[in-house]
Amino acid sequence: MTWDMALALMGFAFVMSISPGPGNFLLLASGANFGFARSLPLMLGISGGFLAMVFAIGLGLGQVFDRYPQIYDVLRIVGAAYVAWMAWGLMQARGLGTAAGREIAQPIGFIQAALLQLVNPKAWAVALIVTVTYTVPQDFLTSLLLLIALFAVVNLPALSVWVLSGAALRDVLAKGNRIAVFNIAMAVLLVASMVPVLLR
């Protein structure tokens, strides 16, 4: 992989990581409800789930998608249902993730976050694009591992912006029923972010 290709990959990774989507809306909501530290499993799960997809596609899973495009239709349905379930849980949260609010809502864990990526057809499409575009056939495995490392270097700080933004709102949202209104708004955005995927 040349320096130009590496820089292009990092730019692509930044745009894909920082742009709004189901995962980033969850990170914003989690940061607001639970703070940065308790949102780390969610952030690592979102990142790790995607990078595992890139690795799996690089090892040949992409050919399965090419041969059976119906898989995307299944992922769209399952992904929408999973996101709707997460949104419903978010809407029920009425307090910040303190000792008092912990019984109402727990932060999303690593496995749940990784599963969100695995049923996200947009994430699969991006993983396919990245793997095809930024790997070198002559030294495929090395370039694939380098691709994953570079994407992680950009991805984690970009995702952190969403968590930190949510965490910065905690003091404002702690007053009255603001956190309940915020969580409902985040749930609506979460569901709305899947509409373009379903209409494709």
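The side chains of Ser-17 and Asn-155 make a polar contact at 2.8 Å, and this is a good place to start reading the predicted model. Ser-17 sits in helix H1, which covers residues 3-18. With a relative accessibility of 3%, Ser-17 counts as buried, since the cut-off is under 20%. If you set aside its neighbours within four places in sequence, Ser-17 is in contact with Asn-24, Phe-151, Asn-155, Ala-158, Leu-159 and Trp-162.

One of those partners, Phe-151, leads us to the aromatic rings. The model holds 4 aromatic pairs. Phe-50 and Phe-151 form one that is tilted, with 5.0 Å from centre to centre and 40° between the planes. Because Phe-50 belongs to helix H2 and Phe-151 to helix H6, this pair ties together parts that are 101 residues apart in sequence. Are these two rings buried or exposed? Phe-50 counts as buried at 7% relative accessibility, and Phe-151 counts as buried at 3%.

A second pair can be found by turning to Tyr-82 and Trp-85. Their ring centres are 5.8 Å apart and their planes lie at 25°, so this pair is stacked, the cut-off for that being under 30 degrees. Here the two partners are 3 residues apart in helix H3, so about one helical turn separates them. Tyr-82 has a relative accessibility of 16% and therefore counts as buried.

Let us now look at how the nonpolar side chains come together. In soluble globular proteins, nonpolar side chains tend to be buried together. The largest nonpolar core in this model has 29 residues, and Leu-26, Leu-27, Leu-42, Met-86, Phe-182 and Leu-190 touch the most other members. Which helices supply at least two residues each to this core? They are H2 (22-67), H3 (70-92), H4 (110-118), H6 (140-168) and H8 (178-192). The largest share comes from H2, with 9 residues. Leu-42 gives a local view: leaving aside neighbours within four places in sequence, Leu-42 is in contact with Leu-26, Leu-27, Ser-30, Ile-108, Gly-109 and Ala-113. Apart from the largest core lies another one, of 24 residues, including Met-53, Ala-123, Leu-150 and Val-154.

Helix H3 also offers a helix-to-helix contact to follow. Two packed helices are described by the angle between their axes and the distance between the axes. For H3 and helix H5 (residues 121-134), the axes come within 9 Å and cross at roughly 140°. Because angles count as roughly antiparallel when over 145 degrees, H3 is oblique to H5. On the H3 side the contact is made by Tyr-72, Leu-75 and Arg-76, and on the H5 side by Pro-121, Trp-124, Ala-125 and Leu-128.

Back in helix H6, you will find Ser-143. Ser-143 counts as buried at 4% relative accessibility. Its side chain reaches the backbone oxygen of Phe-140 at 2.8 Å.

We can end at Val-172, which is found in helix H7 (residues 170-173). With a relative accessible area of 44%, Val-172 is partly exposed. How far apart are Val-172 and Leu-146 in space? From C-alpha to C-alpha they are 41 Å apart, while in sequence 26 residues separate them.

Note on methods: Residues numbered from 1 in each chain as written. Predicted model: local features only at pLDDT ≥ 70, side-chain atom pairs only at ≥ 80, totals over all residues. Heavy atoms only, no water. Helix = DSSP H or I, 4+ residues; strand = E, 2+ residues; numbered from the N terminus. Buried < 20%, exposed > 50% of the residue type's maximum accessible area, 1.4 Å probe, protein only. Polar contact = N/O pair within 3.5 Å; in protein donor to acceptor, adjacent residues only side chain to side chain. Contact = heavy atoms within 4.5 Å. Core = buried A, V, L, I, M, F, W, Y, C linked by side-chain atoms within 4.5 Å. Phe/Tyr/Trp six-rings, centres within 6.5 Å; stacked < 30°, edge-to-face > 60°. Axes fitted to C-alpha atoms, helices over the stretch in contact; angles between N-to-C directions. Parallel < 35°, antiparallel > 145°, perpendicular 65-115°, else oblique.
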